[in-house]
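Hello,

Here is the structure for you to look over. My notes on its salt bridges follow below.

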Amino acid sequence: MTGAAETGAPTLRDLLEAPRLGVAVPDDAPQDLERTISWAHTTEMRDPSRYLRGGELVCTVGISLQTPQDCRTFADALAGAGAAGVCFGIGDGHDVVPADLLTQCRRHGLPVLVAPPSVPFSTVSRFVAEYGLGAEIAVARATNALVPALLSSLRRHDSARRLLDTAGQILECHFLLEHGTADAVTDTGSPVVTVDVPGVGTLGWVGSGERPEPALLDLIARFVRATTVQQDVEAALARERVGQLLSLVERRMLLPDALSQLLDWPGFAAAGPLTCSAWPAGAGALLSMAVPEALVGDAPDLCLMLTPGALELTDDLSLPSGHSAPLPLTDIGSAIGQARIALELAQRRGRRVGPDQLSTLDSLLEQLPSAQLAPFKQQLIDPLVETDRQRGTQHVRTLRTFLAVSGSLSETARDLYLHTNTVRHRLARIRELTGRDPLSHDDQMAFSIGLHAVDRAGGSPEL
């Protein structure tokens with residue numbers, strides 16, 4: 001475990017003890033399970049050493065390991081390249097780990113783990129890849145849970161105390177809000193993790209579990225500040241009026257030029273292009289603080305914001321948002337429509353979506369009903385998923401990589417550390433399973449739509 005703590009990478013023991021992963025050891029023979037894994041590398045080559053840089057967990061189902069000499073060559077190559085160990089997948093090429101391979105690996109002190117048929121190598125790779133990102137993933141998941149609840153709290157005009165109680169329930173802890181900047185302590189005398197909230201006081205955290213990451217405390221502090229802005233009734237009414245007027249323009253019930261006559265905002269006087277951005281409903285107070293020069297409007301279903309020229313946000317609001325291209329005032333209705341569509345995409349993706357992303361195939365597909373995409377998933381991707389699940393193969397991963405590199409066999413082989421002939425074989429097998437040819441341009445488009453449907457339906461990341 002020491003190696004993992006120092007490098008942020010998992011050890012073989014971490015992989016072995018991971019809940020629900022299902023990796024095991026082949027027998028009771030002692031092995032060095034404290035080796036750190038730098039990456040998971042899948043191969044069926046007898047000598048993959050030229051693709052290794054040291055520290056890899058080499059995953060194989062042993063298709064090329066049929067003789068004692070094959071096993072010796074394989075183990076010698078891995079040991080010479082400094083591999084961390086072998087993860088052998090049973091149920092495809094072999095029902096058990098070949099005894100000759102175990103013998104050769106023990107000769108080199110090379111640990112061996114066993115992956116059952118129910119554990120595809122992509123699951124192992126995902127564990128290794130995400131292990132070092134544990135804190136970032138935890139923050140992202142907590143943010144995804146917090147933001148909608150805190151936005152709802154702002155829309156209800158909750159007090160700062162109630163907002164903090166909501167955050168505490170989600171994170172299973174308690175937050176203190178003290179006026180001033182004095183260091184806070186618990187009843188036991190231990191210090192409280194705190195962050196300053198300008199104009200409000202000090203936000204502190206207490207709890208028995210792991211403390212929230214600083215990014216989460218900053219996010220919560222931002223919402224606490226927004227509650228004070230939200231209490232400004234006059235400002236809230238002004239944002240609501242702006243939202244109503246912008247909604248009328250979007251529905252073509254009000255001419256855009258009328259905005260400059262009804263609203264006193266310096267951005268209209270500049271006579272330059274305007275950028276419209278759309279945000280989740282309830283974000284008006286946050287935006288007013290973050291971009292004081294903007295025109296912010298609270299509509300019932302979303303929050304709209306106009307800024308002169310291109311919007312440059314230096315403050316990360318941790319909110320999904322959609323942004324239009326800069327357009328003149330006369331086209332502001334179109335800009336609002338662009339921003340609304342971009343926000344819908346952003347809420348699915350969990351990040352900002354700009355105008356450049358509205359002209360892509362993915363953005364077009366995301367605007368189509370799921371029912372129209374379902375046949376592509378059912379006929380083209382589901383058969384591959386089922387085969388990969390039953391046999392531990394990687395047809396979906398190969399197809400996704402192949403399409404990502406614009407159908408280049410050599411680049412696919414390089415990215416997957418495979419021989420080009422292996423890639424050809426997998427693509428031929430995909431053609432057999434689906435009746436569509438991955439080498440055909442039209443069928444590539446169909447496969448892309450099918451993969452998009454999988455992602456949109458919340459498919460597993462390894463797919």
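Relative accessible area sorts residues into three classes: buried is under 20%, exposed is over 50%, and partly exposed is in between (1.4 Å probe, protein chains only). By that rule, aspartate 382 is partly exposed, at 27%. Its salt-bridge partner is lysine 377. A salt bridge here means a side-chain nitrogen of Lys or Arg within 4 Å of a carboxyl oxygen of Asp or Glu. For this pair the closest N and O atoms are 3.1 Å apart. Lysine 377 is partly exposed too, at 26% relative accessibility.

On provenance: this is a predicted model, where local features need pLDDT of at least 70, side-chain atom pairs count only at pLDDT 80 or more, and totals for chains, interfaces and linings use all residues. Numbering runs from 1 along each chain as its sequence is written, and side-chain values use heavy atoms, without hydrogens and water.

The whole structure holds 19 salt bridges. One of them joins arginine 391 to aspartate 92, with closest N and O atoms 3.3 Å apart. This pair links distant parts of the chain, 299 residues apart. Arginine 391 sits in helix α15 (370–391); aspartate 92 lies in the loop between β3 (85–89) and α4 (99–108). Helices (H or I, at least four residues) and strands (E, at least two) are DSSP runs, numbered from the N terminus. Arginine 391 counts as partly exposed because its relative accessibility is 45%. Aspartate 92 is partly exposed at 25%.

Aspartate 437 pairs with arginine 431, at 3.8 Å between the closest N and O atoms. Elsewhere, salt bridges with shared partners join Arg156, Asp158 and Arg162 into one network.

Best regards
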